[in-house]
Amino acid sequence: MEWVAGYGDILRQLAYKDLTKIKGEIDDFREQLQQLPDSLDNLKFILSVISQILAVSMDMELRMQDVRERYRTLTLYNCAYEQQEYDDANDLPVQWAALKDEALTKDRRMVKVKERFATVTQEQVAEFSEACKELAKTFKYEGPGAADIELDEGAELMKKFDIDVKQFQKRREELVKAQTLFGLAVQPYPELLQLEKDLRLLQQVYRAYLDHSAMVNDYSNALWIKFDIAALTKSAEDFDKLVRRMPKETKELGELPTFHKLEEVITSFKTAVPLIQQLKSDAIGKTHWEELMKIASVEAGDFDLKKMSLNAVFAMQLHRFPDEVNEIVVTAVNEQKIEGELSKIDSGWRQMSFLPNGMRPYKGDPQNPRAYVLMPNEEMKQMLDDHVLTLGSMASSKYAVKLLDTIKRWEKNLSTVNEVSDAWMVMQRKWMYLESIFLDSDDIRLQLPEEAKKFDRADKTFKKIMQNTKDNPSVLTCCCQEGRLEEFKGLTSELDRIQKSLTDYLDTKRSAFPRFYLISDDELLSILGTSDPKAVQPHMLKLFDNCKELEFSRDRVVVGMYSDEGEHFRFHQAQRAEGAVEDWMRSIDEAMQDTLQRISKNGVYHYASQDRLPWLQSYIGMVAILGTQIWWTWAVEDAFRKVAEGDKNAMKNELKKENGEVNDLINLVRQPINKLQRKKVNTLIILDVHARDIVDRFVRDSILSREEFAWESQLRFYWDRKKDDVVIRQCTGELIYCYEYQGLNGRLVITPLTDRCVMTLTTALHFKMGGAPAGPAGTGKTETTKDLAKALAISCVVTNCGDGLDYRAMGVIFSGLAETGFWGCFDEFNRINVEVLSVVAAQIKTIQNGLEGKKKTVEMLGRDVALKVTIGYFITMNPGYAGRTELPENLKALFRPVAMIVPDLRFICENMLMSEGFIKARPLANKFVQLYALCRELLSKQMHYDWGLRAVKSLLRQAGTLKRMEPESDENPVLCRALRDFNTPK
């Protein structure tokens with residue numbers, strides 16, 4: 001079988017190979033045993049061979065058995081092999097046994113030789129032990145671990161001692177083998193063991209030192225401008241971590257002086273790295289390096305920063321001067337920072353331009369405008385402020401010495417830009433104001449020809465400046481141009497002179513028609529700047545108390561007035577709107593007062609001969625109110641006369657008659673009358689109810705004479721036949737009815753508080769003083785003053801005061817009031833600054849002295865103004881509020897104070913219910929007020945909850961509407977429905 005033959009051949013090759021190897025080993029051992037033990041080395045060798053033979057005996061027997069088994073297998077399967085091989089395999093055990101016997105025999109024969117050489121070995125061990133002690137001593141005092149040995153010297157000694165220790169280790173191994181061969185006790189050599197241990201510790205130290213030195217050497221050769229400071233910092237930190245970790249891993253290291261030296265070297269280098277890092281800053285330039293070299297006493301020579309290596313920096317040993325180096329570095333960094341800031345400032349202002357967002361076309365076609373004007377540039381202003389602060393901070397810095405000239409130059413430039421831009425905007429505002437006057441109005445140019453010529457010259461200069469700015473829009477170039485600030489200031493002064501002439505012109509117009517004080521300069525110029533008389537229409541509500549517009553029958557003929565509510569009356573004589581506007585407007589004013597006086601006289605005359613309701617409907621509202629009040633005064637005084645004549649029921653009869661008149665008006669207001677009639681009747685109901693309540697009080701308190709204070713304290717209206725005009729009396733005072741058209745502007749519900757306030761104010765007017773109602777918000781201080789003005793048919797101008805009002809503005813207001821004779825009511829008067837109030841006191845005192853002296857004019861703001869006796873001045877205040885000024889004593893003395901409190905809501909509701917047509921007004925008002933009081937107390941304080949007077953008025957108007965829709969319905973459910981509809985959504 002071929003496969004058996006193939007496997008047999010392979011097995012034979014393996015068996016023959018092992019056979020040959022074993023025979024060779026036996027022959028080698030036998031040959032080695034033949035050497036003579038004539039020296040210690042030969043003896044050791046022979047003994048080693050004997051020992052080896054005995055040691056491998058068991059292994060050799062197994063190998064021989066394996067070879068014999070292979071040949072037996074070949075014989076079993078009839079495989080081919082040489083007979084000599086088979087014989088040699090079977091002969092192997094015999095040969096190995098003979099070799100062992102020879103080795104044992106040899107060993108027994110060398111007993112005396114072994115004894116002799118054992119003695120020699122012991123002597124060598126003793127000598128080696130002494131040598132180890134000597135080496136250990138040398139290592140301790142002169143080796144690399146000695147305290148006085150530097151690390152560089154120690155690194156060289158480490159090489160020497162490493163070689164010595166290796167040689168000693170080799171010698172120790174030889175002696176241990178000899179001791180083992182001769183059966184001697186093995187010597188431990190403790191000094192050598194300790195030396196090996198110390199050497200291993202020092203190897204860690206010196207390995208770290210050499211690695212660190214290599215790292216420092218690598219970086220030292222690098223060029224200063226190219227080496228990586230981050231890599232150097234990382235390497236320094238890595239070695240620092242290593243030196244910290246080493247004593248933790250091997251505690252003995254911490255006790256070595258050499259380790260402390262290593263620690264000092266690495267720590268010292270790490271400490272120097274931040275200094276190098278500082279010096280690597282881009283801010284350190286050539287001049288700074290020269291300063292550093294000077295400190296380090298190093299010759300600068302032809303110093304070239306590009307060629308300088310890190311080694312040169314190390315050679316300076318700058319760590320010796322940490323404070324000086326730090327000062328130079330800080331100076332350099334701050335100088336670089338200042339240079340960077342200056343660079344930003346320079347770049348920002350070089351790029352700053354008035355285009356595209358800083359200028360715009362002004363009037364006309366955008367492609368070909370009348371002119372160009374600057375726009376408010378908040379970005380530039382903010383940048384200017386920031387850079388001025390930055391430059392100021394730089395200039396005060398001790399690091400800015402080298403850059404001080406540049407800083408000063410930029411400070412000057414930005415200061416110029418700031419001044420010029422401010423002057424530019426001031427000039428532009430004045431130009432724009434005057435441009436719209438002189439170039440848009442030919443009439444103004446005709447009336448002020450000299451000023452027009454002056455403005456044309458200024459206008460030409462301004463437009464040229466703006467065109468040049470558009471062509472070269474750089475802010476720096478435009479603002480820092482030589483003489484630019486002086487040019488702007490000169491142009492501004494010229495425009496100021498033109499504006500002063502214009503103001504003087506407007507003042508003459510206001511003196512001619514004082515109502516022009518009630519409108520602004522722009523509004524007045526819009527009227528004066530056109531020949532169209534209808535230009536006054538948009539301003540009529542400011543010029544007159546309640547005249548929305550004039551009625552023109554033809555283009556230039558004014559025949560009447562319309563109130564804001566739509567009420568109308570025609571003048572007794574039409575007025576032509578021709579000539580100067582102040583002249584024909586004055587004619588309109590006089591025609592209004594004359595016509596209203598005539599209508600009032602006619603109404604009063606016919607009151608007694610007509611039924612009251614038709615009479616009321618045939619006259620305008622203010623005439624109906626005036627006639628009613630005059631005849632009521634007469635009726636009450638007639639009742640007093642009858643009482644004096646013996647008719648004890650005269651006042652009760654008057655009360656009965658007035659109750660009937662109130663009910664008639666309530667019934668009338670429930671009828672489908674027009675809106676204007678309803679407003680008039682509503683107002684009359686409020687006044688009639690008050691009149692009825694007065695008479696009711698007279699009956700209740702048995703007031704029987706017209707001389708009693710209860711009657712004298714009432715505001716009484718008379719038609720004086722001698723004067724052929726209305727006279728109004730209260731207490732000792734007598735007031736003038738001014739016939740200012742009131743339209744249907746409504747009246748306040750008159751409460752006992754209102755009566756007392758009115759009495760105080762009228763008495764103050766009689767004594768040429770002012771009135772000063774004071775109290776919390778919502779108590780009716782301003783409204784009561786305005787209502788009194790309505791009763792006297794005089795205009796009341798309300799001014800909301802604040803700290804923006806100065807003495808000049810107050811002087812203009814007082815001038816207007818003096819010339820028109822109107823009342824002025826100054827709300828929150830104590831918000832004006834106390835410095836201004838002192839001057840205001842003098843202005844009011846001037847008016848008061850003029851009234852007492854019955855002067856025709858007084859001096860105000862350096863000029864004489866006309867003084868009308870009807871003038872009144874009133875101030876209102878909220879005493880306890882924050883930010884309020886305490887009035888000076890000399891100012892307090894000019895006013896009569898009035899303390900105002902929260903009004904009686906029930907009384908107001910009752911009057912309003914009556915004016916809306918409710919008969920059962922009093923019980924309904926009681927319920928209504930009680931409900932709202934509960935709501936205010938029990939419900940949460942939310943924004944959409946409103947239980948105040950404004951909400952009450954809105955609700956009662958809605959209730960009146962429902963009442964008119966169902967005039968016959970019970971009033972209780974009507975009011976309840978209004979309450980539900982109005983409050984449920986809240």
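The exchange below goes through some residue labels in a predicted model.

Trainee: Why is Asp-148 called exposed?

Mentor: Its relative accessibility is 58%, and exposed means over 50%, so Asp-148 counts as exposed. Asp-148 lies in the loop between helix H4 (111–142) and helix H5 (151–181).

Trainee: What makes a negative surface patch with Asp-148?

Mentor: The patch is formed by Asp-148 together with Glu-150, Asp-152 and Glu-153. Asp and Glu count as negative, and like charges are joined within 9 Å.

Trainee: Why is Thr-799 called buried or exposed?

Mentor: Buried means under 20% relative accessible area. Thr-799 has 15% relative accessibility, so Thr-799 counts as buried. The residue sits in strand E10 (residues 796–800). Setting aside residues up to four places away in sequence, Thr-799 touches Leu-805, Ile-813, Cys-825, Phe-826 and Asp-827.

Trainee: How do you know whether Thr-683 is buried or exposed?

Mentor: The relative accessible area of Thr-683 is 8%; the limit for buried is under 20%, and therefore Thr-683 is buried. Thr-683 belongs to helix H24 (residues 675–701). Apart from neighbours within four places in sequence, Thr-683 is in contact with Ile-625, Gly-746 and Arg-747.

Trainee: What makes Pro-356 count as exposed?

Mentor: Pro-356 has 65% relative accessibility, set against a cut-off of over 50% for exposed; Pro-356 therefore counts as exposed. Its place is in the loop between helix H11 (322–351) and strand E1 (359–365).

Trainee: How many residues apart in sequence are Pro-356 and Lys-470, and what is their C-alpha to C-alpha spacing?

Mentor: Pro-356 and Lys-470 are 114 residues apart in sequence, and 9.6 Å apart in space, C-alpha to C-alpha.

Key
Residues are numbered from 1 along each chain as its sequence is written. This is a predicted model: local features need pLDDT of at least 70, side-chain atom pairs count only at pLDDT 80 or more; totals for chains, interfaces and linings use all residues. Side-chain values use heavy atoms; hydrogens and water are left out. Patches are made of residues with over 30% relative accessible area and no salt bridge: like charges are joined within 9 Å, nonpolar side chains (Val, Leu, Ile, Met, Phe, Trp, Tyr) within 5 Å. Accessible areas come from the Shrake-Rupley method with a 1.4 Å probe; for residues, only the protein chains shown count as cover. A salt bridge is a side-chain nitrogen of Lys or Arg within 4 Å of a carboxyl oxygen of Asp or Glu. The place of a charge is taken as NZ of Lys, CZ of Arg, CG of Asp or CD of Glu. Helices (H or I, at least four residues) and strands (E, at least two) are DSSP runs, numbered from the N terminus. Buried means under 20% relative accessible area, exposed over 50%, partly exposed in between (1.4 Å probe, protein chains only). Contact means heavy atoms within 4.5 Å.
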